[in-house]
Each structure stands twice: as C-alpha cells, then as structure tokens.
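Biologist: I would like a close look at one part of this model. Please take it step by step.

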Amino acid sequence: MWRVVYPCGIHFLISQIVANVGLAVILKGMGGTMDDFNSHTIFLTGITALLTMIPCLYFYKRDVRARVTGGLIPKAGGRRLKAGEGLWLLLIGASLATFANMLVAALQNILPVREYQETMNQITSGKSIWMLVFWMGIVAPVAEEMVFRWLIYFRLRDYMRMGMAMAVSGILFGIYHMNLTQAVYASILGMMFAYFLEITGNLWASVLLHIGANCWSVLMPEILLRIPKEAYVPAVLAIEAILFAGLLTGISYFKKHMVNQRTL
C-alpha cells in the first residue's frame with residue numbers, strides 16, 4: 001500500500017516547500033501581501049511540477065528495471081506513436097475534458113461548482129492565456145502523469161487487473177485535488193487516461209491526453225467568446241460533434257491496435 005501511495009506524498013511535500021519558500025520571499029523579502037502571493041499560484045504550481053518530475057522519473061526507471069528483472073514485463077519500453085496519433089490523443093483529451101465538464105455541470109445541484117469556478121477565476125485572473133497554457137496546460141500535466149499513471153497506476157498493475165487499477169488510480173487522482181467538484185472531474189479523466197495508456201502501449205499517451213484536456217479547458221472559454229452570437233449554437237454543436245467523433249473513433253482505433261503484452 002505504501003509503495004502505491006507515497007508518490008502523492010512526494011508531490012505534496014514539494015508543493016508545501018515551494019509554497020512556503022514562495023510565501024517567505026513574497027511577504028518578507030518583497031514586502032508583498034497575501035493577494036500578491038495568491039497571484040503567483042500558477043507560477044508556484046508550475047515550479048512544483050518541474051521539481052516533482054525529477055524524483056518521479058528516477059522512481060519510474062527503477063520500477064521498470066525491477067519489473068524486467070522480476071519477469072512482470074518482457075522488456076522496457078512500449079510501442080511508438082505513429083504519425084498523427086499524437087494529435088489524435090490531444091483531440092481525445094479535449095473531448096474527455098468537454099464531456100466530463102458537461103457531467104459536472106449536470107451535477108451542479110449537488111456539487112460546489114460555483115465555488116470552484118470562483119476560486120479558479122481568482123487564480124487565473126489577469127494571467128496571460130499563454131502563461132496558463134504553458135504552466136497549467138503542459139507542465140502540470142506531465143508531472144501529474146508521472147505521479148498518478150507512471151508510478152501509481154503502473155504499481156497498482158503490478159498487483160491487480162487493469163480495470164481495478166484504473167478505478168483505484170483514478171479515484172486517488174480525484175481525491176488528491178481536495179475539492180469535490182474537481183474530485184469527480186479528475187476521477188473520470190484519471191480512469192480514462194489510464195485506459196488509453198494501457199491500450200496504446202505508449203508511455204506518453206496519457207500525457208498527451210492530459211495536455212489536450214488542460215489546454216482545451218484553458219482555451220475553450222476564449223474560443224467561445226469569439227464566436228458571433230448568431231453562429232454560437234451551431235458552432236458549439238459542431239465543436240461537440242467533432243470532439244465526440246474523435247473520442248469514439250479514437251477508442252475504436254486504439255483498441256483495434258491494442259498492445260496485447262504489457263511492456264510499460
């Protein structure tokens with residue numbers, strides 16, 4: 001159990017160190033206020049992600065060597081993504097984010113959706129869209145995938161079948177967000193990320209899905225604001241149709257080309 005859970009502790013410990021150092025620098029070193037500290041949340045989250053990657057990569061490589069030695073996998077490394085598959089995974093990630101958000105919106109009577117949206121607005125207010133894409137859309141997903149899929153999910157797979165490992169790792173991913181709205185959203189996405197990671201047999205599949213989901217969540221509001229009112233409904237329906245088609249065809253395609261032997 002400890003082997004499965006402690007990667008969360010790595011991320012949490014680093015986040016606390018970064019937050020406290022940031023707090024000391026901003027409040028004491030720069031003479032700032034808590035509002036100044038809160039305005040740097042995105043940057044501090046990004047620094048946490050970058051630092052988290054270092055120990056996670058070390059532990060993942062150590063795990064792979066142990067699996068090969070122990071006979072759990074025949075060799076290290078999975079299949080390479082073919083041309084276009086990476087872009088397809090980004091599209092699927094955007095689709096997963098869209099439909100998971102729809103589910104959360106449908107449950108807004110029992111989930112604190114409004115409070116979560118207000119918190120996110122405070123964190124992202126005044127930030128450059130490209131800053132959000134870089135830190136929240138790219139850097140943070142890479143670190144989270146290393147923690148929750150490369151370490152936690154694969155370690156669960158050492159002891160249990162794919163479906164159970166997907167469910168447990170997804171729920172842990174949701175709980176770690178420490179917010180009921182995000183817990184539901186992240187649990188669904190976490191399970192799907194693990195599913196595609198398994199069937200594609202490529203280590204970066206879940207990373208691309210996560211980047212697609214986060215980048216789309218950042219960019220989608222900006223895109224919707226630029227759609228003329230008279231074209232809004234058909235444009236939104238067209239976007240959703242494209243995303244839905246990408247998701248269904250992606251599941252069918254990657255299942256058809258599923259790697260039958262575990263190599264990750």
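What span should the residues of helix α9 (residues 205–225) have at 1.5 Å a residue, and how far apart are its end C-alpha atoms?

Modeller: Bear in mind that this is a predicted model. Helix α9 has 21 residues, and at 1.5 Å a residue these should span 30 Å. The end C-alpha atoms of α9 are 30 Å apart, so the expected span and the distance agree. The helix does have a kink of about 35°, which lies at Leu 219. The proline Pro 221 comes shortly after that kink.

Next, the surroundings of α9. Its buried residues include Ala 205, Ser 206, Val 207 and Leu 209. His 210, Ile 211, Gly 212, Ala 213, Asn 214, Cys 215, Trp 216 and Val 218 are buried as well. The partners that the buried residues of α9 pack against are α4 (85–106), α6 (129–157), α7, α8 and α10 (232–256).

Two of these partners, α7 (162–176) and α8 (180–200), are joined by a loop that holds Met 178. Met 178 has a relative accessibility of 67%; because exposed means over 50%, Met 178 counts as exposed. Its phi is positive, near 55°, although Met 178 is not a glycine. Most residues other than glycine have a negative phi.

Helix α3 can be examined in the same way as α9. The 30 residues of α3 (residues 41–70) should span 44 Å at 1.5 Å a residue, and the end C-alpha atoms are 42 Å apart, which agrees. In α3 a kink of about 25° lies at Met 53, shortly before the proline Pro 55. Gly 71 follows α3 and has a positive phi, near 85°.

Note on methods: Residues are numbered from 1 along each chain as its sequence is written. This is a predicted model: local features need pLDDT of at least 70, side-chain atom pairs count only at pLDDT 80 or more; totals for chains, interfaces and linings use all residues. Side-chain values use heavy atoms; hydrogens and water are left out. Helices (H or I, at least four residues) and strands (E, at least two) are DSSP runs, numbered from the N terminus. Buried means under 20% relative accessible area, exposed over 50%, partly exposed in between (1.4 Å probe, protein chains only). The expected span of a helix is 1.5 Å times one less than its number of residues. The bend at a residue is the angle between axes fitted to the seven residues ending there and the seven starting there. Contact means heavy atoms within 4.5 Å.
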